[in-house]
Amino acid sequence: MDGRRPTRRSLPVRRWAAYATCAWTLAGYGTLKLCWALGGTALTSSAPLPRSGREELVAQTPATMAGHWISVGLVLLGALAALATVRPWGHVLPRRLLTVPMWITCALMVLRAWGVLGFGFVGDAMVLTGVLHVDPPDSEIARHLSRVDLLLWSPYFLVWGLLWGATAWATPRRPGPRRCERETAGALPH
């Protein structure tokens, strides 16, 4: 994975990671965000958001709708980035331009899944076990959202983050311009 031609073994791993990341991105998050951007309400009542965020989501405020369309654009960009790691047209892009955002996305999604960034396995478990106190008017909805997040959203973000990490890790190094010149110069007859 250091600029050499991929081996039979490394190529399937690269392809699997890239295509799985692309599919997970488009089929899950992308489909949901497109549905919301088009005015749909699927899963809005179980979105792990504070009450004000859920109210804005259900009310479909202009800012919320704009955010959905921005998310759809980012989803498409992410899917293309994943594909760029294994498609010939992607070889013109510098490796770091692809992998640095992938590693950042991986970290953010795994942190979100574990609960470092709010909801997640840890926060959900704390709400469900009563370690984290929620005021009575919101306690029942908080337990419901924690159950949904524990079973749906957190595992989804964990898998998605790990897929981004696998795609970044499997992206081959590409020889820089100087290395290409040295290799080409060494291959020419003197």
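**Why the labels fit: seven helices and their contacts**

Mentor: Let's start with the rings: searching the whole structure turns up 7 aromatic pairs. Tyr29 and Phe157 form an aromatic pair, with 6.2 Å from centre to centre and 70° between the planes. Keep in mind that this is a predicted model, where local features need pLDDT of at least 70, side-chain atom pairs count only at pLDDT 80 or more, and totals for chains, interfaces and linings use all residues. Residues are numbered from 1 along each chain as its sequence is written, and side-chain values use heavy atoms, with hydrogens and water left out.

Trainee: Why is the pair of Tyr29 and Phe157 called edge-to-face?

Mentor: Rings of Phe, Tyr and Trp (its six-membered ring) pair if their centres lie within 6.5 Å; planes under 30 degrees apart are stacked, over 60 edge-to-face, and the rest tilted. The centres here are 6.2 Å apart, which is within the limit, and the planes are at 70°, which is over 60, so the pair is edge-to-face.

Trainee: Where in the chain do Tyr29 and Phe157 sit?

Mentor: Tyr29 is in helix α1 (residues 10–37) and Phe157 in helix α6, so the pair links distant parts of the chain, 128 residues apart. A helix here is a DSSP run (H or I, at least four residues), a strand is a run of E of at least two, and both are numbered from the N terminus.

Trainee: What makes Phe157 buried or exposed?

Mentor: Buried means under 20% relative accessible area, exposed over 50%, and partly exposed in between (1.4 Å probe, protein chains only). Phe157 has 13%, so Phe157 is buried. Tyr29, at 21%, is partly exposed.

Trainee: Phe157 also pairs with Trp160. What makes that pair tilted?

Mentor: The angle between the planes is 45°, with 5.9 Å centre to centre. That angle is neither under 30 nor over 60, so the pair falls into the tilted group. Phe157 and Trp160 are 3 residues apart in helix α6, which means about one helical turn between them. Both are buried, and both belong to one aromatic cluster with Trp24, Tyr29 and Tyr156.

Trainee: Let's move to the helices. How many does the chain have?

Mentor: There are 7 helices and 0 strands. Of the chain's 190 residues, 36% count as buried.

Trainee: How do you know how α4 is oriented against α6?

Mentor: Helix α4 (residues 95–114) and helix α6 (residues 136–170) pack at about 155°, with their axes 8 Å apart. Since 155° is over 145, α4 is roughly antiparallel to α6. (The scale: under 35 degrees is roughly parallel, over 145 roughly antiparallel, 65 to 115 roughly perpendicular, and the rest oblique; axes are lines fitted to C-alpha atoms, for helices over the stretch in contact, and angles run from 0 to 180 degrees between N-to-C directions.)

Trainee: Which residue classes make up the contact of α4 with α6?

Mentor: There are 15 nonpolar, 6 polar and 3 charged residues. Ala, Val, Leu, Ile, Met, Phe, Trp, Tyr, Cys and Pro count as nonpolar, Asp, Glu, Lys and Arg as charged, and the others, Gly among them, as polar.

Trainee: Why is the contact between Arg112 and Asp149 called a salt bridge?

Mentor: A salt bridge needs a side-chain nitrogen of Lys or Arg within 4 Å of a carboxyl oxygen of Asp or Glu. Arg112 and Asp149 meet at 2.7 Å, N to O, so they qualify. Arg112 is in helix α4 and Asp149 in helix α6, 37 residues apart. Both are buried.

Trainee: How many salt bridges does the structure hold?

Mentor: It holds 3. Arg143 and Glu140 form one, at 3.0 Å between the closest N and O atoms; these two lie in helix α6, 3 residues apart.

Trainee: What makes Glu140 and Arg147 a salt bridge too?

Mentor: Their closest N and O atoms are 3.9 Å apart, which is within 4 Å, so the pair counts. Salt bridges that share partners join Glu140, Arg143 and Arg147 into one network.

Trainee: Why are Glu140, Arg143 and Arg147 called partly exposed?

Mentor: Glu140 has 47% relative accessible area, Arg143 has 31% and Arg147 has 37%. Each value lies between 20% and 50%, so each residue is partly exposed.
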